[in-house]
Amino acid sequence: MDDTQLLRYSRHILLDEVGVEGQEALLASHALVIGAGGLGSPVALYLGSAGVGHITVVDHDMVDETNLQRQIAHNLARVGRPKAESVREAIAAVNPDVVVTPVLLRADDALLDTLVAQADVVLDCTDNFTTRHAINRACVKHHKPLVSGAAIRMDGQLSVFDARSTDSPCYACVFPEDSGVEEALCATMGVFAPLVGIVGTMQAAEALKLLTGLGSRMTGQLLMLDGQDLAFSSIRLPRNPHCAVCGQAH
């Protein structure tokens with residue numbers, strides 16, 4: 001690190017848990033953020049401000065005025081523009097040293113197979129089960145840690161699935177593709193604005209701990225947030241040895 005970087009990241013370097021080595025690890029890391037909306041906004045901004053050297057942001061959608069209630073990376077001037085491009089500009093305004101690669105495509109199996117293989121950590125900031133399962137399959141295939149967040153109405157969830165660990169479940173162990181879970185979308189159900197900030201910030205924190213070598217104590221757990229009472233609860237998630245995705249992967 002040069003003198004400018006030592007100053008910029010001084011508050012991280014002062015932490016015994018991070019230090020110079022941890023910050024250098026962040027600068028050399030590549031994070032893949034899938035979704036540039038309510039969760040992806042705080043995720044990308046905190047990863048960028050913390051000095052993750054390369055961030056790839058995947059989102060095929062455009063900024064809409066209804067997004068601005070909660071998607072803090074965007075602003076009125078960028079309404080109508082691609083969300084991934086908007087996030088790149090937002091990060092550059094805070095930390096221009098970070099390389100941000102916007103990918104303006106839908107996250108399908110083929111794209112994820114390529115992008116997940118290149119990343120050190122993957123953050124699922126999407127809002128639909130089809131994409132979540134595609135991300136999970138790619139992370140299991142390439143043995144990449146996955147930080148998964150969700151938020152709807154007044155409720156949030158956070159989990160870390162680490163395919164590098166033989167004890168860790170994958171997303172499909174907890175939410176099988178054939179489980180018949182109903183999709184709940186912000187456009188029809190609503191979402192409390194700060195809730196996505198809370199969950200997204202926690203996702204960023206877990207990713208930074210993974211990248212600095214601290215690891216994540218959230219691996220194999222589901223953290224649930226009741227936003228109305230600001231109450232947290234968690235349950236341990238066992239790996240399903242018969243899981244259709246990871247059952248034969250370990």
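## Gln203 and its surroundings

Let's start with Gln203, which sits in helix α10, the stretch covering residues 193–211. Keep in mind that this is a predicted model. How buried or exposed is Gln203? Its relative accessible area is 0%, so with buried meaning under 20%, Gln203 counts as buried.

Which residues does Gln203 touch, once those up to four places away in sequence are set aside? The contacts include Leu39 and Val43, then Leu123, Asp124 and Cys125. Gln203 also touches Val147, Ser148 and Gly149, along with Leu158.

## The aromatic pairs

Now for the rings: the count comes to two aromatic pairs. In one of them, the ring centres of Phe161 and Tyr171 are 6.0 Å apart and the planes meet at 90°, so this pair is edge-to-face. The pair ties together distant parts of the chain, with Phe161 in strand β6 (residues 155–162) and Tyr171 in helix α8 (residues 171–174), 10 residues apart.

The other pair is Tyr171 with Phe175. Here the centres lie 5.1 Å apart with the planes at 40°, so the pair is tilted.

## Tyr171 and the cluster

Put the pairs side by side and Tyr171 turns up in the edge-to-face one as well as the tilted one. Through these ring pairs, Phe161, Tyr171 and Phe175 are linked into a cluster.

Is Tyr171 buried or exposed? Its relative accessibility is 4%, so Tyr171 counts as buried. Phe161, its edge-to-face partner, is buried too.

Definitions and conventions:
Residues numbered from 1 in each chain as written. Predicted model: local features only at pLDDT ≥ 70, side-chain atom pairs only at ≥ 80, totals over all residues. Heavy atoms only, no water. Helix = DSSP H or I, 4+ residues; strand = E, 2+ residues; numbered from the N terminus. Buried < 20%, exposed > 50% of the residue type's maximum accessible area, 1.4 Å probe, protein only. Contact = heavy atoms within 4.5 Å. Phe/Tyr/Trp six-rings, centres within 6.5 Å; stacked < 30°, edge-to-face > 60°.
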